[in-house]
Structure formats: C-alpha cells, structure tokens
Amino acid sequence: MRNILMLFAVLSLFSCVNKDGSKKDSDLDIQGTWQLLSATTIENGTSQTTDYSGKLKMIKMFNHTHFAFLKHSLNPKDTSSFDAGGGTFVLKGDDYTEHLEYYKNKDWEGKIFNFKLAIHKDTLIQKGVEKVEAAGVDRVIIEKYIKVK
C-alpha cells in the first residue's frame, strides 16, 4: 500500500508537465491567435492609449515556443503602417519573457522583454517595460487582446 501511495505521488508530480516538458498546468494557456484591442504606453509620466478597433489591426500568435505579431492599417491606401516581429518566449506562471529575434528596426533585435500576463475569460492582458537604449525607448506598455475564435 505504501509503495502504491508513493507511486501515485510521483505520478502526480509528473502529470503537471506536457510530453515535451514545456508547459505546466499552472501556466496560462496563451497558444493561438489574439487580436489587439488597445495598447497603452506610459512614458515620462505621460499615458497614451491607441484603440485598435478602428483604423488599425494587430494580431499576436503563440505556439509552444514562438510568438509573432503583425500590424497594419485597414486603409487600403496606407502602406506605411505595417509592422511585424517575432521570436521565442518563455512562460512561467504569469511571467512572460520575449526574446525578440525578428524586427524591422535592428536596434530591437536580440532584446529581451519581461512582462506579466493575465487572462480573464477570452481577454489577455500583457504589461511590462520596453527598454531599448539604442532606439531611445523606455516605457511601460499595457496591451489588451481578445482571443480569435
């Protein structure tokens, strides 16, 4: 009986890890595609919010190891508002770390960004600091996404 209880305890510990060892049950389920609703930046004490339900559209996609984002204007004549990037990430609980590998501005490539994530129903909130000295960027960002069905 004692051996069976020990075996059960050990199996319980291993049941929190997926076959590939990448995700525990305590991690947030962010896999899939998310559409940005709003983005707030706070820089030098000034807050600015961009509404993404009108003229701009942005999505962010996650798989087990990588993320990518794509943004563009909904105006068919606007070809200058396109933005995209991606890389790898690590998620431990609500601690999310991006390793930006691809971006149009090379000053941002190779940078690591730490964020906190929260999910409420179908809404993902990402909050953290973007700091890229070479680009003169040091700001807090708060992004609010909705899961794409």
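**Charged side chains and aromatic rings**

Setting aside the residues up to four places away in sequence, K71 is in contact with Y52, K57, M58, S81, F82 and D83. This is a predicted model, and K71 makes a handy place to start reading it. K71 sits in strand β4, which covers residues 66-73. Although K71 is buried, it has no salt bridge. Its nearest side chain of opposite charge belongs to D83, and that one is 4.5 Å away. Since a salt bridge calls for a nitrogen and a carboxyl oxygen within 4 Å of each other, the K71 and D83 pair doesn't make the list.

Other charged residues do find partners: the structure holds 6 salt bridges. One of them joins the side chains of E98 and K60, with 2.5 Å from N to O. That pair links distant parts of the chain, as E98 belongs to strand β6 (residues 95-103) and K60 to strand β3 (residues 56-62), with their positions 38 residues apart in sequence. Both E98 and K60 are buried. So here's a buried lysine, K60, that has a salt bridge, whereas K71 is a buried lysine that has none.

Strand β6 turns up again in the bridge between K116 and D95, whose side chains meet at 2.5 Å, N to O. K116 lies in strand β7 (residues 112-120) and D95 in strand β6, so this bridge ties together parts of the chain that are 21 residues apart in sequence. What about burial? K116 is partly exposed, with a relative accessible area of 42%, and D95 is partly exposed too, at 36%. The two residues also belong to a bit of a network, since salt bridges link D94, D95 and K116.

A further salt bridge brings together the side chains of R139 and E130, at 2.8 Å from N to O. The two partners fall on opposite sides of the 20% cut-off for being buried. R139 has a relative accessible area of 22%, so R139 counts as partly exposed. E130 comes in at 14%, so E130 counts as buried.

Now for the rings. A search of the whole structure turns up 7 aromatic pairs. In one of them, the ring centres of F62 and F89 are 5.7 Å apart and the planes stand at 85 degrees, so the pair is edge-to-face. F62 is part of strand β3 and F89 of strand β5 (residues 83-92), so the two rings tie together parts of the chain that lie 27 residues apart in sequence. Both F62 and F89 are buried.

F62 has another ring partner as well. With Y96 it forms an edge-to-face pair, this time at 5.8 Å centre to centre and with 75 degrees between the planes. Here too the pair links distant parts of the chain: F62 in strand β3 and Y96 in strand β6 are 34 residues apart. At 6% relative accessibility, F62 counts as buried, while Y96 is buried with a relative accessible area of 1%. Put together, F62, F89, Y96 and F115 form one aromatic cluster.

Strands β3 and β6 thus come up in both halves of this account: the salt bridge of K60 and E98 links them, and the ring pair of F62 and Y96 links them as well.

Key
Residues are numbered from 1 along each chain as its sequence is written. This is a predicted model: local features need pLDDT of at least 70, side-chain atom pairs count only at pLDDT 80 or more; totals for chains, interfaces and linings use all residues. Side-chain values use heavy atoms; hydrogens and water are left out. Helices (H or I, at least four residues) and strands (E, at least two) are DSSP runs, numbered from the N terminus. Buried means under 20% relative accessible area, exposed over 50%, partly exposed in between (1.4 Å probe, protein chains only). Lys and Arg count as positive and Asp and Glu as negative; His and the chain ends are not counted. Contact means heavy atoms within 4.5 Å. Rings of Phe, Tyr and Trp (its six-membered ring) pair if their centres lie within 6.5 Å; planes under 30 degrees apart count as stacked, over 60 as edge-to-face and the rest as tilted.
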